[in-house]
Amino acid sequence: EGLGNQFLANIRECDAIAYVLRCFEDSNIIHVANRVDPLADAEVVETELMLADLESLEKRRAGVEKKAKGNDKDAKTTLDLIDRALVLLRDGKSARFVERSNEEEKAFQELQLLTSKPVLYVCNVDEGSAEAGNAMSAKVADYAKANDAGVVVISAEIESQLAQLPDAEQAEYLESLGLHEPGLNRLIREAYDLLGLQTYFTVGPKESRAWTIHKGDKAPQAAGVIHTDFERGFIRAQTIAY
């Protein structure tokens, strides 16, 4: 609240949006609306983003329509996408549900719509619900499924405690809570999955390193992440089983 355009500008630069939703009751921690309702919290922000997208498209439409009437092929494609997005946004739906072909994808991304980005709902639960979630996180999971979004349950309280412990004690602490790994690990995996990313490793005498590539990238593209020359002059990849 109160950030206005600064808030929206930050989101415009992101590849995906993670909603961290409060899914726990605690009388010592106030809520801006004096009630704990994660879905209502998500809808407040989503509505704000939809209104920003609506305003952006309505301003842009007249100029694009003018170009389209002058037989500009790209403008015709863009105008069609704008109209399809406006129908959904006016109906209270996110622009990511706009049906589009692979050929239209580039033009669609150029619209830079806030609600076109993939979404991940992060349910922040109490310590006791970190393993299986609770009634509130279950509602969020159902909502995510219906809205083509990812969902992950973590306890920020546990993550905060973990961050302060030495590595050796972290495993012990997690075991005492009946957890197998930190919530942050699950969050990273969900985010990678949402963005269609994966990791590959390079191994040599001096170091082993992890690199991030898109799922489906071939070996030359993977090499290009290290250095563009490696992609241009690609010879071969040697793989080892591990």
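# A guided tour of the predicted model

Begin by selecting Asp148: at 61% relative accessibility, this residue counts as exposed, because the exposed class starts over 50%. The structure in the viewer is a predicted model. Asp148 is found in the loop between α5 and β3 (150-154). Display its backbone torsions as well: phi of Asp148 is near 55°, a positive value in a residue other than glycine.

**Other positive phi angles**

Select Gln112 next, in the loop between α4 (105-109) and β2. Gln112 is not a glycine, yet it has a positive phi of about 50°. Its relative accessible area is 47%, so Gln112 is partly exposed.

Then move to helix α8, residues 183-194. With 12 residues at 1.5 Å a residue, α8 should span 16 Å, and its end C-alpha atoms are indeed 16 Å apart. Just after α8 comes Gly196, which takes a positive phi of about 65°.

**The nonpolar cores**

Which residues have the most contacts inside the largest nonpolar core? Select Tyr19, Leu21, Cys23, Leu49, Leu114, Tyr121 and Val140; the core itself has 21 residues. To see which elements surround this set, colour α1 (5-12), β1 (17-22), α2 (38-69), β2 (119-124) and α5 (135-146), each of which gives two or more residues to this core. A second, separate core holds 19 residues, and Leu57, Val64, Ala75 and Leu79 are included in it. In soluble globular proteins, nonpolar side chains tend to be buried together.

Return to Leu114 and show its surroundings. Leaving aside residues up to four places away in sequence, Leu114 touches Leu8, Ile11, Arg12, Ile17, Leu49, Ala52 and Asp53. Among these contacts, Leu49 is also one of the core residues already selected.

**A nonpolar patch on the surface**

For a contrasting view, switch to a surface display and select Phe201, Val203 and Ile240. These residues form a nonpolar patch on the surface, and together they have about 370 Å² of accessible area. Is Val203 buried or exposed? Val203 counts as exposed, since its relative accessibility is 58%. In the fold, Val203 is placed in strand β4 (residues 197-203).

**Salt bridges**

How many salt bridges does a search of the whole structure find? The search finds 13. Several can be visited in turn.

- Select Asp41 and Arg35. Their closest N and O atoms are 3.4 Å apart in a salt bridge. Asp41 is buried, with a relative accessible area of 19%, a value that falls in the buried class because that class lies under 20%. Arg35 is partly exposed, at 33%.
- Select Asp91 and Lys93. This salt bridge has its closest N and O atoms 2.5 Å apart. Asp91 is exposed, with a relative accessible area of 51%, while Lys93 is partly exposed, with 38%.
- Select Lys106 and Glu110. Here the closest N and O atoms of the salt bridge are 3.1 Å apart. Lys106 counts as exposed at 60% relative accessibility, and Glu110 counts as partly exposed at 47%.
- Select Arg61, Glu65 and Asp83. Salt bridges that share partners join these residues into one network.

**Two distances across the model**

Select Glu48, which lies in helix α2. Glu48 counts as partly exposed, with a relative accessibility of 45%. Add Leu177 to the selection and draw the C-alpha to C-alpha distance: Glu48 and Leu177 are 38 Å apart in space and 129 residues apart in sequence.

The last stop is Ser27, found in the loop between β1 and α2. At 76% relative accessibility, Ser27 counts as exposed. What separates Ser27 from Gln170, C-alpha to C-alpha, in space? The two C-alpha atoms are 29 Å apart, and the residues are 143 places apart in sequence.

Methods
Residues numbered from 1 in each chain as written. Predicted model: local features only at pLDDT ≥ 70, side-chain atom pairs only at ≥ 80, totals over all residues. Heavy atoms only, no water. Patch = residues over 30% accessible without salt bridge, like charges linked within 9 Å, V, L, I, M, F, W, Y side chains within 5 Å. Areas by Shrake-Rupley, 256 points an atom, 1.4 Å probe, with all protein chains shown as cover. Salt bridge = Lys/Arg side-chain N within 4 Å of Asp/Glu carboxyl O. Helix = DSSP H or I, 4+ residues; strand = E, 2+ residues; numbered from the N terminus. Buried < 20%, exposed > 50% of the residue type's maximum accessible area, 1.4 Å probe, protein only. Core = buried A, V, L, I, M, F, W, Y, C linked by side-chain atoms within 4.5 Å. Contact = heavy atoms within 4.5 Å. Expected span 1.5 Å × (residues − 1).
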